[in-house]
Amino acid sequence: MDYKDTGLIFAGNIYMAPIVDGLPTGFAGPINVSRLEMTPPQPESVDRTSFQRDTYGQVLDSVNLPGEAPRMAMDFDSLPSGLLADALAGTTEAYTSAVQTVTGEAVTLAEGVWQKLPYPNVDVSTITVTLDSDGTTVLTRGTDYEVEAASGLIRALNANGAAAVTIDFDTVETSGQKILGATEISKKRQIIMDGKNLVTGKNATVTIFSASFSATQALDLMAREFITGTLEGTMTTPEGKGSPYEILMQE
């Protein structure tokens, strides 16, 4: 191969899959990754130092032994539920919330203080709030009280609403993904980059066969910019492979 001087700037589609029983499962992606950083293994140097008269203090032999394993780090701002769970050291599970009918829920409302209803996702078109003092007076939503439907919170807006009441309502059926934070500290993943060297226009692929990740950065869910997840970990060489990762550069 003839030497040809060229620079390297990668652009790439990143795909990542959990490893189960030694094999990658379904790959998520492409993931928008702003950092895919490889750290070579950090060897431990063992030196034989001379104590002889003419070479005292000089190194006679030096051997590098295996030390810290090769590591990688990845920053990404693609955050569907599965990747958000990765960034929070968590797991996901599907959830479905069926319609619930609540009748005769006793609550004492107060101005400026929210009370929690027994269920979230309130269907506000079905809510009825009745004063206990006479059992017939129905309060007006938006005038006497207000409801935060998604979280299932209710509070009085005036003195008329600040009273003991009985509440009837239905909930709305919902479904989605539930993220259980801090439930999976170590995540084993395989990563593939389908990339291109922007300098030469030639294609390149990167395959990290196995990496044991951990979420290492705090995640500010109220940030005023796109939230970025960070995973860092050790790359390992799986059975049947001669290296923890490989890069294929087309010429």
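Student: Which residues does Ser78 touch, not counting residues up to four places away in sequence?

Tutor: This is a predicted model, in which local features need pLDDT of at least 70 and side-chain atom pairs count only at pLDDT 80 or more, while totals for chains, interfaces and linings use all residues. Residues are numbered from 1 along each chain as its sequence is written, and side-chain values use heavy atoms, with hydrogens and water left out. Ser78 lies in the loop between β7 and α1, where helices (H or I, at least four residues) and strands (E, at least two) are DSSP runs numbered from the N terminus. With contact meaning heavy atoms within 4.5 Å, Ser78 touches Pro30, Ile31, Asn32 and Leu83.

Student: Does Ser78 count as buried or exposed?

Tutor: The classes rest on relative accessible area, with buried under 20%, exposed over 50% and partly exposed in between (1.4 Å probe, protein chains only). The relative accessible area of Ser78 is 17%, so Ser78 counts as buried.

Student: Which residue has its backbone nitrogen 2.8 Å from a polar atom of the side chain of Ser78?

Tutor: A polar contact is a pair of N or O atoms within 3.5 Å; within protein, one must be able to donate a hydrogen and the other to accept it, and residues adjacent in sequence count only if both atoms are side-chain atoms. Here a polar atom of the Ser78 side chain is placed 2.8 Å from the backbone nitrogen of Asn32.

Student: How many residues separate Asp75 and Arg35 along the chain?

Tutor: The side chains of this pair meet in a salt bridge at 2.8 Å, N to O, the term covering a side-chain nitrogen of Lys or Arg within 4 Å of a carboxyl oxygen of Asp or Glu. Asp75 belongs to strand β7 (residues 71-76) and Arg35 to strand β4 (residues 33-39), so that distant parts of the chain are linked across a separation of 40 residues.

Student: Which parts of the structure does the salt bridge between Asp86 and Lys187 tie together?

Tutor: The closest N and O atoms of Asp86 and Lys187 are 3.1 Å apart. The two residues are 101 residues apart in sequence, so the pair ties together helix α1 (residues 81-87), which holds Asp86, and, on the Lys187 side, strand β16 (residues 187-197).

Student: What is the relative accessible area of Lys187?

Tutor: Its partner Asp86 counts as buried at 5% relative accessibility. Lys187 is likewise buried, with a relative accessible area of 1%.

Student: Which residues are joined into one network by salt bridges that share partners?

Tutor: The structure holds 11 salt bridges. Where salt bridges share partners, one network results, and its members are Arg35, Glu37, Asp75 and Glu232.

Student: Which residue in the turn between β16 and β17 has a positive phi?

Tutor: Strands β16 and β17 (residues 203-215) pair in the antiparallel sense over 9 bridges, pairing being assigned if DSSP finds at least two bridges between two strands. They form a hairpin with 5 residues between them, and the residue in the turn with a positive phi, of about 80°, is Gly201.

Student: Which residue in β18 is the bridge partner of Ala211?

Tutor: Ala211 in β17 stands opposite Arg189. Strand β17 is joined by 5 bridges to β18 (residues 229-235), the two running antiparallel, and in β18 the bridge partner of Ala211 is Met235.

Student: Which element gives the most residues to the largest nonpolar core?

Tutor: A nonpolar core is a set of buried Ala, Val, Leu, Ile, Met, Phe, Trp, Tyr and Cys residues joined through side-chain atoms within 4.5 Å, and the largest one has 18 residues, with Met72, Ile191 and Ile208 among those with the most contacts inside it. Two or more residues each come from β1 (10-20), β7, α1, β16, β17 and β18. The element that gives the most, with 4 residues, is β17.

Student: By what angle are neighbouring strands of the open sheet of 3 strands turned against each other on average?

Tutor: The strands follow the order β9-β14-β11 with antiparallel pairing. Strands β9 (101-108) and β11 (128-131) each have a single partner strand and stand at the edges, so one side of each is left without a neighbour in the sheet. Axes are lines fitted to C-alpha atoms, for helices over the stretch in contact, and angles run from 0 to 180 degrees between N-to-C directions. With direction ignored, the average turn between neighbouring strands of this sheet is 20°.
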